[in-house]
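User: Please take me through this model step by step, with the reasoning behind each answer set out.

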Amino acid sequence: MHDLYLQNLAENKMLKLLVCIKQVPMVTELPWDAKNGTLKRELAEGMMNTACKHALEAALQIKEERGAYITTITMGPPMAEEVAREALAMGADKGVLLTDKDMAGSDTFGTSFVLARIIEHVCPDFDLILCGTQTSDSETAQVGPQLAEELDVPGVCSVEHLEFNRRTLRTVRLSDNYLEILEFDLPGLITVSTQQFAPRYVELKGLEDAFNKGDVAILDGHSIGLDADCISANRSFTNIQDVYSPIASKKNVVLKGSAKKIVEHFLSRYEDKLSGAIGKDLKAQEKIR
Amino acid sequence: MTGKRRSIWVFGDYRNFFQNRVTLQLLSRAVDLAAKINAEVCVVLLGYEVEEWVGEYIAHGAQRVYVYDHPSLKDYNQEIYVALLERLAQEHSPEIILVGATSFGRELASRLAKRLKTGLTADCVGLDIHDDGQLIQTSPAFGGNLYARIVTPEHRPQMATVRPGVFQEIPHNYNASGEIVILKIPDDLPRPRVHLIHSEIKSRPAQKIESAKVVVCGGRGMGSKNKFKNLNELARILGGEVGATRPVVYSDWADSECLVGQTDKHIKPQLLFSFGISGAIQHTAAIENSDFIIAVNKNPNATMMKMADVAIVADANQICTALIKELKKRIRC
């Protein structure tokens, strides 16, 4: 199977798809510092960002329909190799992980800069780049369009449907209450909406194989020709001054005890709030009875 | 023109009612910020036959409106809009550029920041000026669990997108005056590579749960598919809708339309009951705008419990059952 891919690839029959995939922390697993509401991020367990998974699914559907070679591109700490392998289990052909301490803390400007350099290094003749619309940890939705700018290719964000006509890609999206059909010629970039392309389920066996045999190339800045000065000059134009938890300021009343006691207490204490929201007067009804 | 006075720019986003509101809200904040750094408030407006917006923006605090009014700008177009803004910003070097965090605005700001080689903070929920004159941009992360205060120390303009509804627009002042600068589209703009084939107004069918005043959400902590059905009864009594986390939908305890677990789908009920939900990021991002949250979980340290106004440490199903019983006594249903 793999040989056939490479042969087809050599004959330029197949689309070369790149999917950018980020590993994000599972927030529930994060240890909290209750005093200042910060997260001990280095202890986080990671998962593939949901929107990236939808982008990968879109790529996999293209592959099934018309054949494609899918390379995933990931930037992150060494443990991010997990998501590259998960992508292989879902059906990607190759994973690339760039891990470099000098790049930690990159903002979207820096991230899109480095992603572009990785792509120029590993697959400069790509046909289409697919990114998730946004990540769950920083939620900027900036990396996709900034990567399109960095590579100077046409791009469309929040795509919900796509259709190829030779080298032209027709995309459909719903944004700001406008349904738009937009077309561009490859190569280009799309970000994929989580409204469509629900990701497929991965069998455990597939995961095992991907972790044992899958092809994941691990690179650092030096190996793609970036020196430390260049990285630091483009790493981040924004500085995080401090981080705080808005929820730490909530009252957070804690109720304990037997279910009956809690419910009685809760209903009497928050009767007004409840009545207001449901539009029924709890007390009055009680009196009628 | 002095060319020396600092300026704060707001992108004139007007394509629909909602987009126009965020522009007016940004103008209101820009007026406050401008007072602190002695800057001029400007709007950049692109489109075709956009005169009515010029007047509206001046009435809402713009001291100057740069206008590109041309048939070729009739439809919103990222490539042309970005190219024009890039040139204008290079010519005038604004101190700050604010863009509404609409779908179009977020993409436009991303592209523009890249071209201007400057920082951009997404989806701000607060903007202020630091004592040293820098723009402090407050941006949520981790589904609203954290806010980060961000500055752009060395690059200009300082750019931010801002969520709709964060700031209050100021009332119309039809006596306000402002300078209108009509600009001509340069002949040498690059040809767009993305072509708009079709465009029509169409909103996503609103799901009941997104506009519900009361939502009863359940997670795996409900225990089983059968116990999860209790939530339907509670929601019925409260006149609310049922929501479910992703694991619950995947386990087929609830229909996929109940899913509250996507970062781009938000609910904002007055009352949110959260039963047996630990608080994965996709879920907390979707519910962060709820007014009042009651969470029930055996684990007092679950993220959802920390986010709640009332955190009930108990078995989710037992509380649900007891609530149904008590409410039935009080409400005839």
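The questions below concern a predicted model, and they move from one helix and its packing to the contact between the chains.

User: Is helix α3 of chain A mostly covered or mostly uncovered, and how many of its residues are buried?
Analyst: Helix α3 of chain A spans residues 81-90, and a residue counts as buried when 20 or more other C-beta atoms lie within 10 Å of its own. The buried residues include A:Glu82, A:Arg85 and A:Glu86, together with A:Val83, A:Leu88 and A:Met90. The helix is mostly covered, the number of buried residues among its ten being eight.

User: Which residue follows α3(A), and what is its phi?
Analyst: The residue that comes after α3(A) is A:Gly91. Its phi is positive, with a value near 135°.

User: How are α3(A) and α6(A) oriented to each other, and why?
Analyst: Helix α6 of chain A covers residues 204-213, and its axis lies 8 Å from that of α3(A), at an angle of about 125°. Angles of 65 to 115 degrees count as roughly perpendicular and those over 145 as roughly antiparallel, and the crossing of the two helices is right-handed. Because the angle falls in neither of those ranges, the orientation of α3(A) and α6(A) is oblique.

User: Which residues of α6(A) are met by α3(A), and what classes of residue make up that contact?
Analyst: From α3(A), the residues taking part are A:Arg85, A:Glu86, A:Leu88 and A:Ala89, and they meet A:Gly206, A:Leu207, A:Ala210 and A:Phe211 of α6(A). By class, this contact comprises five nonpolar, one polar and two charged residues.

User: Which element gives the largest share of the side of chain B that touches chain A?
Analyst: The contact draws 82 residues from chain B and 72 residues from chain A. Several elements of chain B each supply at least two residues to its side, among them β8 (146-151), α8 (281-287) and α10 (316-330). With nine residues, the largest share comes from α4(B).

User: What is the bridge partner of A:Ile240 in β8(B)?
Analyst: Strand β15 of chain A, residues 239-244, pairs with β8(B) in the antiparallel sense, over five bridges. Within β8(B), the bridge partner of A:Ile240 is B:Ile150.

User: Which residue of β16(B) stands opposite A:Leu255?
Analyst: Strand β16 of chain B, residues 310-313, is joined by four bridges to the parallel strand β15 of chain B, where B:Ala295 has B:Ala311 as its bridge partner. β16(B) also pairs in the parallel sense with strand β16 of chain A, residues 253-255, over three bridges. In β16(B), the residue opposite A:Leu255 is B:Ile312.

Methods
Residues are numbered from 1 along each chain as its sequence is written. Chains are lettered from A and ligands numbered from 1 in the order in which they are written. This is a predicted model: local features need pLDDT of at least 70, side-chain atom pairs count only at pLDDT 80 or more; totals for chains, interfaces and linings use all residues. A residue is buried if 20 or more other C-beta atoms lie within 10 Å of its own, exposed if 12 or fewer, and partly exposed in between; C-beta atoms are placed from the backbone. Two strands pair if DSSP finds at least two bridges between them. Axes are lines fitted to C-alpha atoms, for helices over the stretch in contact, and angles run from 0 to 180 degrees between N-to-C directions. Angles under 35 degrees count as roughly parallel, over 145 as roughly antiparallel, 65 to 115 as roughly perpendicular and the rest as oblique. A crossing is left-handed if the near helix is turned anticlockwise from the far one by less than a right angle, and right-handed if clockwise. Two residues are in contact if their C-beta atoms, placed from the backbone, lie within 7 Å. Ala, Val, Leu, Ile, Met, Phe, Trp, Tyr, Cys and Pro count as nonpolar, Asp, Glu, Lys and Arg as charged, and the others, Gly among them, as polar.
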